[in-house]
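Open the structure in your viewer and keep the selection panel at hand. Each stop below says what to select and what is there.

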Amino acid sequence: MKNNSIACKINKVNKAVMLTLCLVGPLAKGVAQVSHGGKPLYGPFSKMETASVTAQPLDLATLQAQDMELSEGGDPLRVGVTRQVDVDVVDKATRLPQKDGSVVYRQRVVCADATFLTLTFDEFLLPAGATLFCYDGTGRTVIGSFIGTDTLPGGVFYTQALPGSVAYIEYREPKETVGQGRLHLKDVTAGYKDLFHTFKGTIGDDGGCTPDVACNEGDGWCKQINSVACYTLRIGYGTYICSGALINNTKHDKTPYFLSANHCQEAGNVTQWTFYFNYEASSCNASNEVTNHTVTGATILAKRDKNVGSDFMLLRLGQNVPESYNPYWAGWDLNDDITVGCCIHHPAGDVKKISLPAKLTMGTGYYAQFVRVDWNNHGITEGGSSGSPLFNKSGLIIGQLLGGNSSCKNTYGSDYYGRISQSWTGGGTKATRLKDWLDPAGSGVRTLAGYGV
């Protein structure tokens with residue numbers, strides 16, 4: 001797998017350049033949630049009056065105490081909690097008439113000590129020509145424009161995470177439709193783990209014992225790296241993070257299938273899936289150098305519980321993955337070729353990392369549907385790594401992470417990955433197995449190469 005090393009290093013340079021372009025100047029259009037382009041008229045430093053709402057502050061001591069009760073292994077990692085705000089943007093936001101007859105509504109949202117904010121609208125009825133932008137308190141992360149057709153099922157809309165404790169809503173209606181829109185901000189997810197490295201030293205780092213994918217350990221794995229993403233999902237009043245990967249099917253048609261672990265969502269009713277591609281350091285051990293491409297929405301197609309199967313979950317993303325993200329649909333191997341390759345993941349919600357196993361063996365007993373991975377002080381997994389793919393030496397997926405006892409405090413620990421060969425037939429139905437989705441024509445192939453850049 002070393003034949004891609006030159007291309008890999010070129011890819012790292014390109015990502016560094018892209019990041020620089022994204023962060024130059026105030027209100028630079030960041031690479032972010034799929035949108036329609038353009039730019040807002042104002043910014044966080046505008047001297048124009050802006051209505052403001054303050055959400056209930058975070059009780060960090062209580063949150064951290066609750067987290068101590070969770071295991072360090074492969075569990076989904078809680079990263080934020082919900083705060084109700086109840087803002088009718090058209091009625092309550094600052095109204096700024098423009099010379100062309102259009103009106104801009106501006107609303108500021110604050111939650112003290114939050115490391116990021118995700119905005120949730122339970123009414124999202126934008127008339128023709130109306131546009132919505134959201135941005136953080138520095139103006140470096142700007143998402144939008146969004147339009148009326150971006151409404152999600154149920155008439156709701158939610159944003160990707162905006163770094164920091166302050167977010168802005170900027171909604172513009174053209175002259176012909178002033179006052180016709182309905183835009184109601186129901187709540188915000190307030191982050192308390194630092195997914196964006198906004199605040200150095202806060203909880204959310206992986207512990208520093210696993211190499212960045214931009215380090216030499218990632219050479220030769222560029223395509224596989226591009227398949228992996230982390231995602232946030234809301235369960236009740238908490239927001240959690242797991243890992244997973246785009247996975248190819250025998251049609252090679254770029255259907256946005258995404259493989260992860262079932263236990264990431266089994267705690268209750270799941271909403272607000274957001275997938276973060278290319279969330280990684282632009283160079284080895286870089287500080288605060290990440291890119292951020294996101295896709296929102298997902299549907300669970302098939303899954304199998306860890307107690308009766310291989311703990312897999314297959315999703316179809318709610319949007320196609322843009323070509324500009326350089327996506328790669330990873331290949332797979334059903335032959336249980338458990339040769340040593342790598343695991344690519346987001347431990348503790350940190351930037352994308354690569355872990356190199358010392359040894360792979362077939363699980364036994366309760367773990368018969370899993371592969372055991374023993375580590376050797378060269379990367380581990382942690383909370384947030386759940387669902388991440390295990391690649392064999394041929395670069396093909398052979399499993400996804402259930403969990404184990406490895407951590408930065410136990411770098412010689414072991415983990416278990418659900419075998420894709422077991423997930424293939426699963427529970428014998430379309431909703432409990434992979435083969436109907438990944439081999440829709442019934443070709444019977446046992447291995448499939450990846451597809452993409």
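How many bridges join β6 to strand β10? Six, and the two strands run antiparallel. This is a predicted model, so treat the tour as a reading of that model.

**Stop 1: strand β6 and its neighbours**

Select residues 131-136, which make up β6. Six of the six residues in this strand are buried. Now show the side chains. Thr 131, Phe 133 and Tyr 135 point one way. Leu 132, Cys 134 and Asp 136 point the other way. In a regular strand, side chains alternate between the two faces of the sheet. Here the residues pointing each way are all buried.

Add residues 166-173 for strand β10. Look for Asp 136 of β6: its bridge partner in β10 is Ala 167.

Next add residues 142-146, strand β7. β7 also pairs with β6 in the antiparallel sense, over four bridges. Cys 134 stands opposite Ile 143 here. β6 and β7 form a hairpin, with five residues between the strands. Click on Gly 139 in the turn: its phi is positive, about 80°.

Stay on β7 and pick Ser 145, which lies in this strand. The peptide bond between Gly 144 and Ser 145 is cis, with omega about 0°.

**Stop 2: the largest nonpolar core**

In soluble globular proteins, nonpolar side chains tend to be buried together. Select Leu 119, Phe 121, Leu 132, Ile 169 and Leu 183. The largest nonpolar core has 35 residues, and these five touch the most other members. Colour the contributing elements next. Those giving two or more residues to this core are β2 (77-88), α3 (89-92), β4 (103-110), β5 (116-125), β6, β7, β10 and β11 (182-191).

Which residues does Ile 169 touch, leaving out those up to four places away in sequence? Its contacts include Val 89, Tyr 105, Val 109, Leu 119, Phe 121 and Leu 132. Phe 133, Cys 134, Leu 183 and Leu 185 are also among them, as are Arg 106 and Gln 107.

Another core lies apart from this one. It has 26 residues, among them Ala 245, Leu 334, Ile 344 and Ile 354.

**Stop 3: Ser 355**

Select residues 353-355, strand β22, and pick Ser 355. Is Ser 355 buried or exposed? Its relative accessible area is 0%, so Ser 355 is buried. Show what surrounds this serine. Ser 355 touches Thr 210, Cys 342, Cys 343, His 345, Trp 375, His 378, Gly 379 and Ile 380, leaving out residues up to four places away in sequence. Ile 380 deserves a distance label. Its backbone oxygen lies 2.8 Å from a polar atom of the Ser 355 side chain.

**Stop 4: two aspartates with positive phi**

Go to the loop between β4 and β5 and pick Asp 113. Asp 113 is not a glycine, yet its phi is positive, about 75°.

Then move to the loop between β20 (332-333) and β21 (342-345), where you will find Asp 336. Asp 336 also has a positive phi, about 55°. With a relative accessible area of 24%, Asp 336 is partly exposed.

**Stop 5: rings**

How many aromatic pairs does the structure hold? There are 17. Select Tyr 366 and Tyr 367 for one of them. Their ring centres are 5.0 Å apart and their planes stand at 90°, so this pair is edge-to-face. Tyr 366 is partly exposed, at 45% relative accessibility. Tyr 367 is partly exposed too, with a relative accessible area of 30%.

Now add Phe 370. Tyr 367 and Phe 370 form an edge-to-face pair, 6.0 Å centre to centre with 75° between the planes. Phe 370 is buried, with a relative accessible area of 0%.

Select Phe 121, Phe 124, Phe 146 and Phe 157 together: ring pairs link them into a cluster. Phe 121 was also on the list at the core stop.

Last ring: Trp 437. Lys 430 lies over its face, at 4.7 Å from the ring centre.

**Stop 6: zoom out**

Show the whole chain as a cartoon. The protein chain has six helices and 29 strands. Of its 453 residues, 58% are buried. Among contacts with a separation of 6 or more, 75% are between residues 24 or more positions apart.

Note on methods:
Residues numbered from 1 in each chain as written. Predicted model: local features only at pLDDT ≥ 70, side-chain atom pairs only at ≥ 80, totals over all residues. Heavy atoms only, no water. Buried < 20%, exposed > 50% of the residue type's maximum accessible area, 1.4 Å probe, protein only. Pairing = 2+ DSSP bridges. Core = buried A, V, L, I, M, F, W, Y, C linked by side-chain atoms within 4.5 Å. Contact = heavy atoms within 4.5 Å. Polar contact = N/O pair within 3.5 Å; in protein donor to acceptor, adjacent residues only side chain to side chain. Phe/Tyr/Trp six-rings, centres within 6.5 Å; stacked < 30°, edge-to-face > 60°. Lys NZ or Arg CZ within 6 Å of the ring centre and 35° of its normal.
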